[in-house]
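Dear colleague,

I am handing over the structure we spoke about, with my notes on it below. Please look through the sequence and the coordinates before you read on.

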Amino acid sequence: MNAEQQQSRLYQRLLFETSTESLRHGEGGEGGTQSSPREERQAFTATDQARALTKHLMEEVIDRDNLNRAYRQVKANRGAPGADGMTIAAAADWIAEHKEELIASVLDGSYQPGPVRGVQIPKPGGGMRQLGIPTVIDRLVQQAILQVLGPLLDPTFSDSSYGFRPGRSAHDALHQAAKYVAEGRTIVVDMDLEKFFDRVNHDILMARLARRIEDKRLLRIIRRFLEAGLMQAGVCTARHEGTPQGGPLSPLLANLLLDDLDRELERRGHAFCRYADDCNIYVRSRAAGERALASLTKFLEGKLRQRVNREKSAVAIVSERKFLGYRLLTSGTLTIAPQSIQRAKDRIRQITRRNRGVSFERVISELNSFTTGWVTYFRYAKGKRILSRLDSWVCRKLRCVRLKQRKRAVSIASFLQRLGVPKNRSWTTAASGKGWWRMAYTPAAQQAMSNQWFQDQGLIGLAARYLELQQ
């Protein structure tokens, strides 16, 4: 057993070993005479949601096994430090020293989360996305709460909701959308909620949560997580709305709030797929789509206080819009959206920049890491032809990199000759004075650095990986 495994086992033993036992014996509930929450939960029927959501959920949150699972999950996520700078490695020592006071504050509802560290990242379609990274200890508490609330809340959500739910994925949403389109619903109402996570109304969200949870201690702590300050550029600002992406609880709370939208769509009989705040409704006519967009905009802005982005929302033929990176044809066939191809090219350009100063082997390794994951996500699309063209473009980019690394004409000519190009053709290409992009397209460069040569260097072709996944 290596040192890291030994340390991991040690920290698992340190986590809250005795806290829950002492709390349960003779207590169970607040008065000390009721049965324990775990015993109560076993007696509940699967359909009795009202009784399953007791006012003693906090005892399950601080259960030793639950906290250990939460710690392992936070550690496996390998997240960045929060505003306090504490790393995951340092958190284990902190827990060993402060576990009793931490568990006591969580149990009585007095736990005070620290501010989240604000980070902004560029959005694919332009603009910036606000992330809020909680401290490691706050992430541990949130994860422990999630592991208790998730199994209670998730089964009550709509079957048409796919985002951040166990056993469901973006591909499930896409397959269902394809079925709707194949049935003749070729018009899509593509609704875009403007900065949804930043504009979640705390009062509305907590009211939805209070309908299902009676434990006031748990509700207080979740409210504090929502209202935790945002630390950015050394300044901590108060938050009165929003649940920034970055904490374990955010996806569950977002699904809880948008469950009202799902139920409204089901009540109206709409065919729809929702993945987090990305919602597509499939109808048979443009007129029906316009009516749905207008009425649902009123519903969202009036009842949930969410703003619909009128510039990005639209009613259109499905092939004119994208959903989760894919494009749907009117036949129900899935293809890769042009925007996704462009974003992939942008990422490949970053990896193959000729002035990076890294080895060719590292460039290929980084490319493989990106392209294999990208193709795996788009494996359900009909895209062999576009991927073959993308392969050719990638190889030309790599030829540019390799030629640029040789720098001078003498070195380029020598390199081409070693790869089987005749001397006169090698020198003609090397001394041509062409730019790297044009030189990479010359017959000599293509002969020397053929597709087979790139395979020998370890490059995984997009089309080859795609065909492999089809099998």
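A good place to begin is Val-189, whose bridge partner in S8 is Val-315. Please keep in mind throughout that this is a predicted model.

The neighbouring pair belongs to the register of the two strands as well, with Asp-190 having Ala-314 of S8 as its bridge partner. In total, four bridges join S3 to S8, and the two strands run antiparallel. Towards S7, strand S3 is paired over six bridges, again in the antiparallel sense, and Asp-192 stands opposite Asp-278 of S7.

These pairings are part of an open sheet of four strands, whose order is S6-S7-S3-S8 and whose pairing is antiparallel. The edges are taken by strand S6 (271-275) and strand S8 (314-317), each of which has a single partner strand, so that one side of each is left without a neighbour in the sheet. On average, and with direction ignored, neighbouring strands of this sheet are turned by 20 degrees against each other. As for S3 itself, five of its six residues are buried, so the strand is largely enclosed by the rest of the structure.

Two helices lie across this sheet. Helix H13 (residues 286-303) lies across S3, S7 and S8 and runs at about 20 degrees to S3, while helix H9 (residues 170-182) lies across S6 and strand S7 (278-283), running at about 160 degrees to S6.

The loop that follows S3 also deserves a look. Asn-201 is placed in the loop between strand S3 (187-192) and helix H10 (202-210). Is Asn-201 buried or exposed? Its relative accessible area is 19%, and because anything under 20% counts as buried, Asn-201 is buried. Once its neighbours within four places in sequence are left aside, Asn-201 is in contact with Arg-305 and Gln-306.

Away from the sheet, I looked at two helix pairs. The first is helix H7 (residues 88-107) with helix H8 (residues 136-153), which pack at an angle of about 55 degrees with their axes 10 Å apart; H7 and H8 are therefore oblique to each other, and their crossing is right-handed. From H7, the residues Ile-88, Ala-91, Trp-94, Ile-95, Leu-102 and Val-106 meet Val-136, Ile-137, Arg-139, Leu-140 and Val-141 of H8. The residues of this contact between H7 and H8 comprise ten nonpolar, no polar and one charged.

The second pair is helix H16 (residues 384-406) with helix H17 (residues 409-418), packed at an angle of about 125 degrees with axes 8 Å apart, which makes H16 oblique to H17. The crossing of H16 and H17 is right-handed. Here Arg-402, Leu-403 and Arg-406 of H16 meet Ser-411, Ile-412, Phe-415 and Arg-418 of H17, and the residues of the contact divide into three nonpolar, one polar and three charged.

Finally, some totals for the chain. There are 22 helices and eleven strands, and of the 471 residues 48% count as buried. Among contacts between residues at least 6 apart in sequence, 73% join residues that are at least 24 apart.

With best regards

Notes: Residues are numbered from 1 along each chain as its sequence is written. This is a predicted model: local features need pLDDT of at least 70, side-chain atom pairs count only at pLDDT 80 or more; totals for chains, interfaces and linings use all residues. Side-chain values use heavy atoms; hydrogens and water are left out. Buried means under 20% relative accessible area, exposed over 50%, partly exposed in between (1.4 Å probe, protein chains only). Contact means heavy atoms within 4.5 Å. Two strands pair if DSSP finds at least two bridges between them. Axes are lines fitted to C-alpha atoms, for helices over the stretch in contact, and angles run from 0 to 180 degrees between N-to-C directions. Angles under 35 degrees count as roughly parallel, over 145 as roughly antiparallel, 65 to 115 as roughly perpendicular and the rest as oblique. A crossing is left-handed if the near helix is turned anticlockwise from the far one by less than a right angle, and right-handed if clockwise. Ala, Val, Leu, Ile, Met, Phe, Trp, Tyr, Cys and Pro count as nonpolar, Asp, Glu, Lys and Arg as charged, and the others, Gly among them, as polar.
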